[in-house]
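Visitor: I'd like a close look at just one part of this model, the ligand site. Could you take me through it slowly?

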Amino acid sequence: MSSKPLSENQLLALRFVQLRWAAIFSMSLIVLALFLFSQRHDVFINSFIVIGVAAIYNLLFPFLIKRFFFFTENRVFTYFRSTADIIVVTLLIHFTGGVESPFGFFYLLELAAISMYSFELIAVLISSQAAFLYWVICSLEAYSILPHYRMVDTPGTIYYSQAYVNSKGLALFFSSLLIIYIVSYLAKKLRDKQHQIEAMSVAQADFMNMVMHETKTPLTSILGYTDLLIDKNPMENQRDPLAVIKRQAKRILNMVNDLLSLARIESGKSKLNKIDCDLRDIAERAIEEIDPIVKNSGVEIVKEFESSLPLVKVDEDKVHEIFINLLSNAVKFSNKGGKIFVSISLIGQELTVAVRDEGLGIEKKDLPLIFDKFYRASKESVERKGTGLGLALCRSVIELHGGRIWAASAGPGHGSVFYFALPVQA
Ligand code: ADP
């Protein structure tokens with residue numbers, strides 16, 4: 001069963017859970033240090049109870065985030081989650097010295113994090129709440145309504161001073177407003193830039209598509225008329241130029257078609273027409289189709305198909321294209337007299353195809369890159385004409401089928417193997 005992808009807000013809330021773990025870890029270390037410093041067991045126990053509460057709700061949050069959509073989509077819940085954090089920090093401040101506590105910074109952390117994710121209004125609300133809670137708890141200590149947990153041995157009396165409490169509360173409030181402003185300003189700038197870049201790349205892709213479509217029509221007619229001229233028995237001195245025109249026009253048309261197919265897959269517009277197929281039949285057809293170039297290149301294809309293989313649900317034409325791409329690469333990068341082995345086997349729940357040649361080989365560093373658009377590995381491979389699009393297209397099609405594609409080679413001069421694996425449905 002495939003699970004629904006998480007929304008942006010859900011992912012964001014999960015990111016907060018991670019941040020909270022980091023904060024819980026650092027708070028625990030600080031409490032431990034304070035304990036070693038002050039030897040106050042009550043401080044230690046109370047603080048760890050508070051941190052423990054935060055750890056419990058942070059353990060529950062991933063479940064609530066994934067299970068209940070409203071938990072992240074409704075801003076009220078975002079506000080409640082932050083309020084819980086602020087209460088934890090306030091209690092920790094109280095148990096670790098009130099106005100003398102080192103935990104005031106943690107309010108700012110929470111506010112910086114929520115303003116980064118464009119919850120400015122909630123951040124302002126939370127900062128007022130934090131400053132107010134801080135002021136209330138420190139004032140209650142100043143008036144001895146709540147006990148004051150002194151952290152140091154020196155007879156500190158500063159917590160008695162309401163003026164000091166007021167000024168610290170105000171400082172906290174204004175510094176948090178400034179942090180919210182700075183962080184949300186920077187985050188907004190970054191988001192705007194990201195949107196600009198996204199819009200630019202969409203416009204660029206549209207433009208490229210338009211150019212490709214416009215190129216296709218005249219190319220097709222150039223090819224058509226060239227064929228017509230070739231058929232009409234041209235003069236001896238016209239034959240070679242016509243053959244060159246035909247070859248080159250075909251190359252450009254192939255590249256345009258590959259680029260358009262890739263663009264369609266990348267934009268999610270490519271639909272698969274899946275039917276039950278025997279991969280061996282598709283392979284046989286592809287081998288037959290490239291037979292002329294196999295013969296021309298003086299290489300030999302050896303078939304190693306397992307005798308009983310299950311059918312697999314694939315788009316026949318697209319998988320046929322993959323075979324053509326891999327086989328023509330194997331031929332192109334083989335030397336005269338070389339052999340190409342094509343095997344199909346059932347490994348686990350996948351049908352695995354391997355196309356192995358004894359040719360040029362690929363350097364280790366190039367193996368992960370050859371499936372990228374326009375990447376061509378070595379100087380020798382560039383000399384053997386191509387566009388660098390074939391493998392990129394193979395990868396896109398295979399991934400669209402939920403499969404995998406990869407390559408292996410013992411290095412330059414030692415041949416290469418291209419594998420692809422397609423899942424067999426139960
Ligand atoms: P093209 O073959 O048009 O250059 P591909 O995307 O099919 O584009 O291949 C990309 C690169 O991968 C090739 O330029 C070559 O460097 C390398 N490559 C692909 N197949 C083989 C192979 N069978 N042997 C050696 N190198 C290969």
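How do the residues of the shell around the ligand divide into nonpolar, polar and charged?

Guide: Quick ground rules before the chemistry. This is a predicted model, so local features need pLDDT of at least 70 and side-chain atom pairs count only at pLDDT 80 or more, while totals for chains, interfaces and linings use all residues. Residues are numbered from 1 along each chain as its sequence is written, and side-chain values use heavy atoms, with hydrogens and water left out.

Now your split: the shell has 9 nonpolar, 8 polar and 3 charged residues (Asp, Glu, Lys and Arg count as charged; Ala, Val, Leu, Ile, Met, Phe, Trp, Tyr, Cys and Pro as nonpolar; the others, Gly among them, as polar). In total, 20 residues surround the ligand, each with a heavy atom within 4 Å of it. N329, R376, A377, T387 and L391 are the closest.

N329 also turns up among the polar contacts (here, pairs of N or O atoms within 3.5 Å). A polar atom in the N329 side chain is 2.7 Å from a ligand oxygen. On the nitrogen side, a polar side-chain atom of D357 lies 2.9 Å from a nitrogen atom of the ligand, and an N or O atom in the S416 side chain is 3.1 Å from a ligand nitrogen. As for cover, the ligand on its own has 530 Å² of accessible area, and the protein covers 97% of that (Shrake-Rupley, 1.4 Å probe).

Where is all this? The ligand sits in the largest pocket. "Sits" means that more than half of its atoms lie within 2 Å of the pocket's grid points; a pocket is an open set of points on a 1 Å grid over the protein atoms alone, with protein on both sides within 12 Å along at least five of seven lines. Three elements give two or more residues each to the shell: α11 (316-332), α13 (390-400) and β7 (416-423). They're DSSP runs numbered from the N terminus, with helices (H or I) of at least four residues and strands (E) of at least two. Of the shell, α11 supplies the largest share, 3 residues.

One backbone aside: F374, in the loop between β5 (350-357) and α12 (379-383), has a positive phi of about 65° without being a glycine. Most residues other than glycine have a negative phi.

Key: A polar contact is a pair of N or O atoms within 3.5 Å; within protein, one must be able to donate a hydrogen and the other to accept it, and residues adjacent in sequence count only if both atoms are side-chain atoms. On a 1 Å grid over the protein atoms alone, a cavity is a set of points where a 1.4 Å probe fits but cannot get out, and a pocket is an open set with protein on both sides within 12 Å along at least five of seven lines; lining residues have an atom within 4 Å of a point.
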